[in-house]
Structures are given as C-alpha cells and as structure tokens.
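Hi,

Here's the structure I promised you. Have a look through it first, and my notes on what turned up are underneath.

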Amino acid sequence: MEAILLVGGQGTRLRPLTISTPKPLLPTAGVAFLAHQLARAHAAGVDRIVFATSYRAEMFEAAFGVHAHGVDLAYVSEDEPLGTGGAIRNASRALTGGPDDPVLILNGDILSGHDVRAQVKLHEESGAAVTLHLTEVDDPSRFGCVPTDSAGRVTAFLEKTPHPVTNQINAGCYVFRRSAIDAIPEDEVVSVERATFPSLIASGAIVMGHVESGYWLDVGTPEAFVQGSRDLVLGALSSPAMPGEPGERLTLPGAAVAPGAVVRGGTTVGRNAVIESGATVIGSVLLDDASVAEGATVRDSVLSRGARVGPGAVLDGVVLGDGAVVGPGNELRAGLRVWPGVELPPTAIRFSADA
Ligand code: GTP
C-alpha cells in the first residue's frame with residue numbers, strides 16, 4: 001500500500017525546537033520522530049511513502065534518502081504551504097496506484113498504536129471514499145468532534161465547542177480512495193478538516209470512522225513531545241525504530257552519565273551528552289552534546305543540542321534551545337522556553353513555592 005506523510009507544517013507551538021529542525025525530524029527516543037512512523041507504517045503493510053514537504057523541505061530527503069525502515073520514499077514539495085488537503089492533492093502526483101486503490105494519509109506529528117490494517121479493512125469492506133481513525137478523549141471540548149451512526153458512518157465534522165456531542169475526535173490518520181484525492185482542487189490552499197471532509201459528508205459520500213482508543217498522542221506541544229519520547233523509551237508504545245531496549249533511560253553512544261547521577265523516567269541522553277555526579281534527570285530529553293552539571297535537577301524538560309545546565313540549577317517543564325546556557329542556581333519552571341544561544345547568568349530567575 002502507498003501512503004502520503006504530511007510533514008510541511010512550521011511547528012510553531014514547538015518553537016524554539018523547530019527553528020532549526022522541522023517537528024517531524026526532531027530526535028525522539030534517539031531517532032528522528034518520523035523513523036518511528038516509517039517503521040510502524042512498514043509493519044502495517046505500507047511499502048511506499050510520498051512525503052508532502054514545505055517548511056525546510058530539503059532536510060527530509062537528506063535525513064531518509066530513497067529507502068528507509070523498509071519503505072521506498074519519494075518527496076513532493078510545495079512552493080507555498082497548501083494546507084493539509086492541498087498538500088495531499090499536490091503529493092498525489094507521485095502516487096502510482098489506480099483510482100480505487102486505498103492511500104494511507106498520516107499526519108507527521110502523531111504517535112499512534114492503532115491497528116492500521118483494521119482501518120484499511122473497514123475502508124475496503126464499506127466501499128468508503130475516506131475512512132478516518134477516530135480516538136476517544138476525556139475532554140473533547142479542546143478538539144473538533146466527529147460523531148458516527150450505528151453503522152460507523154461519519155455524520156458530521158464539528159468545530160470545537162464547549163458542549164461536544166461525542167468524545168470521538170479526528171486522530172489524524174486517514175485512508176482515502178485515490179479518486180477522492182483527485183477530487184480535491186489542485187494548487188489551492190485546502191484544509192481536509194474544514195473543507196474536504198465536511199463537503200464529502202454533505203455530498204452523501206461514504207465517510208467511515210474507525211474508532212479505536214489505544215495509545216495516541218499529538219506531539220505538537222513541548223509537553224506532548226517530551227511525553228512521546230518518554231513513552232517510547234519506557235515502552236508504553238513499542239517502536240521497531242527504537243535504538244535500544246525499553247527501560248528507565250536510553251543512553252546513546254558517547255554519552256557520559258556519572259555513577260552518582262540519577263537518570264530515569266524514560267529520559268534520553270543524546271550522543272556526547274554529559275550528566276555529572278549528583279545531578280537528577282527525570283523524564284527528559286537531552287539532545288546531542290547537552291550537559292547537566294553537578295547537583296542540578298531536570299524534570300520533564302528538553303535540552304537541545306549543546307544546551308548546558310549549571311550546577312544546582314532546577315528545570316521543570318522547560319525547553320532550552322540549541323546552545324542555551326542556564327547559569328548555576330537558576331530555577332525555571334512552568335513551560336519556560338530559553339531561545340538558542342541565550343545565557344542566563346547565575347540565579348537570574350528563581351521561582352519560589354508561593355510565587
Ligand atoms: P503548529 O504550527 O504548531 O500548529 O504545527 P504544524 O505546522 O505541524 O500544524 P498541524 O499540527 O496542524 O499540522 C498537522 C500535520 O500536517 C503536521 O504533520 C504538519 O507537518 C502537516 N501540515 C500542516 N500544514 C501543512 C501544509 O501546508 N503543507 C504540508 N505539506 N503539510 C502540512
């Protein structure tokens with residue numbers, strides 16, 4: 001089966017991590033995020049993937065070439081971002097299948113353990129134009145929701161509302177019949193969520209919902225990105241692309257963790273990263289060459305390439321850009337983001353418990 005992977009977004013919610021690297025290429029549990037998706041797609045029977053690129057397009061081919069994780073790869077770029085629907089239409093130029101063949105569409109920022117083969121089977125058996133993976137969430141008011149009838153047919157595509165009629169939401173993985181892709185207008189900005197799906201439903205086309213609520217995570221925010229990496233390292237979601245066995249930590253070649261350091265909770269320690277004695281690092285992502293000095297505490301945070309945390313500093317839920325430096329004794333919490341190259345002098349920022 002062929003697939004299109006949507007990877008052209010700017011990843012604004014993940015800045016500054018996405019200034020130098022597009023979201024789908026951010027190292028996650030030791031490899032580019034997409035490596036997990038490619039490996040899982042291969043396991044689900046996908047043998048060829050077309051990347052729909054836009055933002056920093058050239059970096060994708062440089063990262064994966066023409067074959068990776070068992071899948072043949074092609075690349076189609078947009079001069080201007082065309083939105084999700086426009087990108088699918090544009091990338092379909094590189095598909096080789098016929099008008100009735102199923103095409104899997106994957107958002108490039110979703111980690112999902114759902115059964116893609118079951119989704120494709122439902123699509124084939126129901127003769128649908130499109131079959132969407134729907135997942136159930138505790139608080140659907142944060143998302144648009146997607147109700148289905150007793151036969152599993154999607155009845156509406158509803159915008160975000162304080163009183164959603166169902167807890168089913170669009171999980172960002174679709175099976176399109178090729179002819180339904182060809183019906184999307186060419187060279188126009190189109191959103192599948194706001195235009196393609198509502199107009200297919202309005203026209204009476206069969207749009208099916210494959211409801212499955214296993215592991216699912218949109219890694220679009222820093223908190224979710226850290227969680228995704230942590231879950232892969234701990235084995236909450238298995239990935240054939242993980243460069244090691246699941247466990248409390250993943251230590252990449254060249255990393256140095258001092259014997260007196262505590263490193264756990266699904267932390268990744270990147271190549272040549274250093275964690276000194278007496279430091280505590282929990283549930284975090286250290287990219288290559290990052291360092292945590294003696295007595296510092298880092299929790300649920302991302303340290304980009306070459307970022308440095310000074311002695312005794314405390315980071316909780318923080319993002320450090322490439323080469324950022326946190327001087328000794330600082331205490332950073334609550335979603336603080338330090339831009340690449342910024343150096344915080346000693347004890348410049350300190351949160352107290354009642355601040
Ligand atoms: P934010 O800017 O943080 O919202 O992230 P994003 O740019 O990735 O947007 P969003 O999460 O809504 O995108 C969902 C998926 O579609 C991601 O995999 C994006 O890479 C992809 N995507 C979004 N817009 C476009 C586009 O215009 N062209 C292409 N090729 N892909 C897109």
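To start with the part you'll probably ask about: how many salt bridges does the rule find across the interface of domain 1 and domain 2? Zero. Keep in mind that this is a predicted model. The rule does pick up three residue pairs in polar contact across that interface, with both residues at pLDDT 80 or more.

As for the layout, the domain assignment puts domain 1 at residues 2-218 and domain 2 at residues 248-352. Their centres, taken over C-alpha atoms, are 34 Å apart. Eleven residues from domain 1 and 17 residues from domain 2 take part in the contact.

Now the surface itself. The two domains bury about 900 Å² between them, and 63% of that is on carbon and sulfur atoms. On the domain 1 side, Pro16, Leu17 and Pro27 lose the most area to domain 2, together accounting for 48% of what that side buries. Helix 1 (residues 17-20) supplies the largest share of the domain 1 side, with three residues. Sorted by class, the domain 1 side that touches domain 2 has six nonpolar, three polar and two charged residues.

One thing from the records: an unreviewed UniProt entry annotates residues 252-327 as "domain: Mannose-1-phosphate guanyltransferase C-terminal". In the model, that stretch is 0% helix and 41% strand, and the C-alpha atoms at its ends sit 25 Å apart.

Shout if you'd like to go over any of this together.

Cheers

How values were computed:
Residues are numbered from 1 along each chain as its sequence is written. This is a predicted model: local features need pLDDT of at least 70, side-chain atom pairs count only at pLDDT 80 or more; totals for chains, interfaces and linings use all residues. Side-chain values use heavy atoms; hydrogens and water are left out. Domain bounds come from an automatic or database domain assignment. Contact means heavy atoms within 4.5 Å. Buried area is the accessible area (1.4 Å probe) that two parts lose on being put together, summed over both. A salt bridge is a side-chain nitrogen of Lys or Arg within 4 Å of a carboxyl oxygen of Asp or Glu. A polar contact is a pair of N or O atoms within 3.5 Å; within protein, one must be able to donate a hydrogen and the other to accept it, and residues adjacent in sequence count only if both atoms are side-chain atoms. Helices (H or I, at least four residues) and strands (E, at least two) are DSSP runs, numbered from the N terminus. Ala, Val, Leu, Ile, Met, Phe, Trp, Tyr, Cys and Pro count as nonpolar, Asp, Glu, Lys and Arg as charged, and the others, Gly among them, as polar. UniProt positions are given in the numbering used here, feature names are shortened, and annotations may be inferred rather than shown by experiment.
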